[in-house]
Amino acid sequence: MKVHQFLNGRTIQRHDQAPPSPRVSVVMPTYCRNAEGLLTRCIDSVLAQTLTDFEFIIVDDGSVDGSEGVVRAYAERDPRIVYVRHADNSGLPAVRTNEGILLARAPYVAFIFDDNVWRPDALHRLVGAIESTPADLARGNVEMVEPDGTSYEYGRWPLSIELLQHLNTMPNGGILCRRDFFDRFGLYDPHLILRRICDWDLWLRALRRGARYVHVDAVVGTEYGPSSPVSLGRSVNWIFSI
């Protein structure tokens, strides 16, 4: 199948008063996280950012758990939200994330996923870090919550090709890129075999081609994916190893 075939049946809800030139585009793919109670918590954490000049692109991959009504209500209240709704589920997070990236209008693109919650200063820290250096990408740390309620800080390991080949040290919920990062290093690979590790593949590909990173050694968010039975990490088997 061609990627354009996954765009059939798409609708885009953009507010008449949407910011014309946002400083940051926040991209969030989502699928059926309303029933778990994760969706509203995630959206609220983005809308509560101390850096307020952003657009929030939510790409809904055909949710059937009431997510549509929830997101449309948010989009009507907050003009920064762009709601991209698909009638059918693709099952490929890379396709929906790439779609959000291609719709982004800001010079910086940040990622949050529907099982994440940002700290209020997440965007402020990440934008401040990347603007103070020539880096292509800023990465912060993320608190990972395990099924038993315990947590650990993810992202503090040193970044090197040698380590990244064996362990993904890049927490998705703590990443902000310059918009031209994707022109230089490409988008997420939507191949089915990379469904669970499409982000890992992109960061490794970029590092091998000389991408420059700046590390924000602070927790910018919390990820509840490891404790969710329907998260990719717990519902999709490893079918490929880099």
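Does Arg33 count as buried or exposed, and at what relative accessibility? Arg33 counts as buried because its relative accessibility is 4%, where buried means under 20% relative accessible area, exposed over 50%, and partly exposed in between (1.4 Å probe, protein chains only).

The structure is a predicted model, in which local features need pLDDT of at least 70 and side-chain atom pairs count only at pLDDT 80 or more, while totals for chains, interfaces and linings use all residues. Residues are numbered from 1 along each chain as its sequence is written, and side-chain values use heavy atoms, with hydrogens and water left out.

**Overall fold**

The chain contains eight helices and 10 strands; these are DSSP runs numbered from the N terminus, helices being H or I of at least four residues and strands E of at least two. The radius of gyration of the chain is 17 Å, which agrees with the value near 18 Å for a compact globule of 242 residues. That radius is taken over C-alpha atoms, and the globule rule is 2.2 Å times the number of residues to the power 0.38. The C-alpha trace spans about 45 × 40 × 40 Å along its principal axes. Of the 242 residues, 53% are buried. Among contacts (heavy atoms within 4.5 Å) between residues at least 6 apart in sequence, 79% join residues at least 24 apart. The chain exposes about 10,600 Å², of which carbon and sulfur atoms supply 52%; accessible areas come from the Shrake-Rupley method with a 1.4 Å probe, and for residues only the protein chains shown count as cover.

**Salt bridges**

Side chains of opposite charge can pair when their charged atoms come close. The whole structure holds 20 salt bridges, each defined as a side-chain nitrogen of Lys or Arg within 4 Å of a carboxyl oxygen of Asp or Glu. The table lists some of them.

| Pair | N to O distance |
|---|---|
| Arg33 and Glu36 | 2.8 Å |
| Arg33 and Asp115 | 3.4 Å |
| Arg72 and Glu68 | 3.1 Å |

Arg33 thus has a salt bridge with Asp115. This pair links distant parts of the chain, 82 residues apart: Arg33 lies in the loop between β2 (24-30) and α1 (38-47), and Asp115 in the loop between β5 (108-111) and β6 (116-118). Both Arg33 and Asp115 are buried. Glu36, by contrast, counts as partly exposed because its relative accessibility is 34%.

Arg72 and Glu68 both belong to helix α2 (residues 67-77), where they are four residues apart, about one turn of the helix. Arg72 is partly exposed, at a relative accessible area of 25%, and Glu68 is also partly exposed, at 30%. Elsewhere, Arg10, Asp61, Arg96 and Glu99 are joined into one network by salt bridges that share partners.

**Hairpin and surface patch**

Strands β7 (residues 137-145) and β8 (residues 151-154) run antiparallel and are joined by four bridges; two strands pair if DSSP finds at least two bridges between them. Glu143 has Glu153 in β8 as its bridge partner. Five residues lie between the strands of this hairpin, and Gly149 takes a positive phi near 95°.

Tyr152, Trp157 and Leu167 form a nonpolar surface patch with about 260 Å² of accessible area together. Patches are made of residues with over 30% relative accessible area and no salt bridge, joining like charges within 9 Å and nonpolar side chains (Val, Leu, Ile, Met, Phe, Trp, Tyr) within 5 Å. Leu167 sits in the loop between α5 (161-164) and β9 (175-178), and its relative accessible area of 36% makes Leu167 partly exposed.
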